[in-house]
Amino acid sequence: MSTAAVAVWLSTVVTILSRSHADRNVYPSAGVLFVHVLEREYFKGEFPPYPKSGDASNDPITFNTNLMGYPDRPGWLRYIQRTPHSDGVLYGSPTAEHVGKPTVIEITAYNRRTFETARHNLVINIMATEEFPLPYQAEFYIKNMNVEEMLASEVLGDFLGAVKNVWQPERLNAINITSALDRGGRVPLPINNLKEGVYVMVGADVPFSSCLREVESPHNQLRCSQEMEPVISCDKKFRAQFHIDWCKISLVDITKVIPVYINRPDPGTGILPEFGEYDPPSESLKSRDYFADFLVTLAIPSAVALVLFFILGYTMCCRREGVEKRNMQTPDIQLVHHSSIQKSTKELRSMSKNREISWPLSTLPVFNPVSGEVVPPIHPDNYETTSMPLMQTQTVQSGPWDEFVKCKN
Ligand SMILES: *[C@@H]1O[C@H](CO)[C@@H](O)[C@H](O)[C@H]1NC(C)=O
């Protein structure tokens, strides 16, 4: 191993060690808003000072956050960073189902000037709470805040202090924070320092105070329907810092919540009926029983074929009507007639075989086809020997022929 390689290896080990030290553990409670600020100051130390930089402390830094081994964050965890010169914030409300397993979030910081990166791990250990969930939940809409401003601990603390003041609960928690943009709100015009607005949900253990219920009075309902501000006696407790839209407050007593889907209206045509939750087929499949298929496709046709085979075999072997039966049914005179014809035919055939020994004289050429001369027979010897016996055999062997003619008559 060369010195350079050793140096690289050493630096890798040191990086890994320093990385493992960089793991941070946090212990949020289920059902309570969790906020974790990714401070630019904290990550700046990771990037070596840039020699020629005038103002290294103001490098633009952005963050990428994901669940370890996955491309994105878990569903309950959201992230916001307004500009590369502001801190990033992880926030969200873990629920009871996330308790137990530590959630490892990989945080990658990018220095947008030097293009260096640094990686830290954040281990989120979600703890169970006995009082979860708090039964009385109120959601406020705050008009003059952006979500990341509201997430700052002192601002959120101020807000919870004001709520505590008008509600007087034993326990009070922020449960959730949502930007109005995520609820269909519009991006404000860049004038008058307008803000996006933010919904803050808090939970408490005592029923809603009379002040929080003031908006439910007929007078205030009328004002809300006319888009006028309702008159709320405790609004002044918030007014200095928070502009609350009291018409949008929602008060939920989760002990009295009726499931909304019981009286759902008829969806009408064009909408498929609800089939409930998707139930995927199980991973372990039962082995299929092919016995019935075997019976239908193989056994029954084979049985039928076997029966046919025996029926045909019986009829063709045991019920056969052979030559004997035919002869018995034919009159004797016909049989004699027939057999004599057969005998004669055989004789004629054998005679014609003998004749093929030589060519009949009449088939040999007598005249030269070109000159017209009379040509003597090609084989004078054969003429004597082959043509004469032919005539002789015909006369000699006329016996059977006569017999045949006789029989015919
Ligand atoms: C918090 O708000 C977000 C966005 O509105 C929502 O998706 C999430 O379910 C809420 N979480 C809880 C615990 O209410």
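## Sheets, a helix and a ligand site in a predicted model

An open sheet of four strands is arranged in the order β9-β10-β8-β11, and its pairing is antiparallel. At the edges of this sheet are β9 (172-179) and β11 (250-253), each of which pairs on one side only. From one strand to the next, the twist averages 20 degrees. The structure is a predicted model, and the protein chain has an average pLDDT of 81. The points below take the four-strand sheet further, then turn to the helix that lies across β9 and β10, a sheet of three strands, the ligand and the confidence values.

**Four-strand sheet: β9 and β10**
- Strand β10 covers residues 198-204 and is joined to β9 by seven bridges.
- The two strands, β9 and β10, run antiparallel.
- Within this pair, Asn173 stands opposite Gly203 of β10.

**Helix α4**
- Helix α4 spans residues 153-167, which makes 15 residues.
- From its first C-alpha to its last, α4 reaches 21 Å, close to the 21 Å expected at 1.5 Å a residue.
- The helix α4 lies across both β9 and β10, and runs at about 125 degrees to β9.
- Gln168, just after α4, takes a positive phi of about 60 degrees.

**Three-strand sheet**
- A further open sheet has three strands in the order β2-β5-β4, with antiparallel pairing.
- Its edge strands are β2 (34-38) and β4 (77-80), and each of them pairs on one side only.
- Neighbouring strands in this sheet are turned against each other by 20 degrees on average, direction ignored.
- Strand β5 (residues 88-92) runs antiparallel to β4, and four bridges join the two.
- In this pairing, Leu77 stands opposite Gly92 in β5.

**Ligand surroundings**
- Five residues surround the ligand: Ser93, Thr95, Asn176, Thr178 and Asp182.
- By class, the shell around the ligand holds four polar residues and one charged residue, with no nonpolar residues.

**Confidence**
- Of the residues in the protein chain, 77% score a pLDDT of at least 70.
- Over residues 10-20, pLDDT stays under 50, and the model has one contact beyond four places in sequence for this stretch.
- Residues 382-409 also have pLDDT under 50 throughout, and for them the model has 14 contacts beyond four places in sequence.

Notes: Residues numbered from 1 in each chain as written. Predicted model: local features only at pLDDT ≥ 70, side-chain atom pairs only at ≥ 80, totals over all residues. Near = placed C-beta within 6 Å. Nonpolar A, V, L, I, M, F, W, Y, C, P; charged D, E, K, R; others polar. Expected span 1.5 Å × (residues − 1). Pairing = 2+ DSSP bridges. Axes fitted to C-alpha atoms, helices over the stretch in contact; angles between N-to-C directions. pLDDT = per-residue confidence, 0-100. Contact = placed C-beta atoms within 7 Å.
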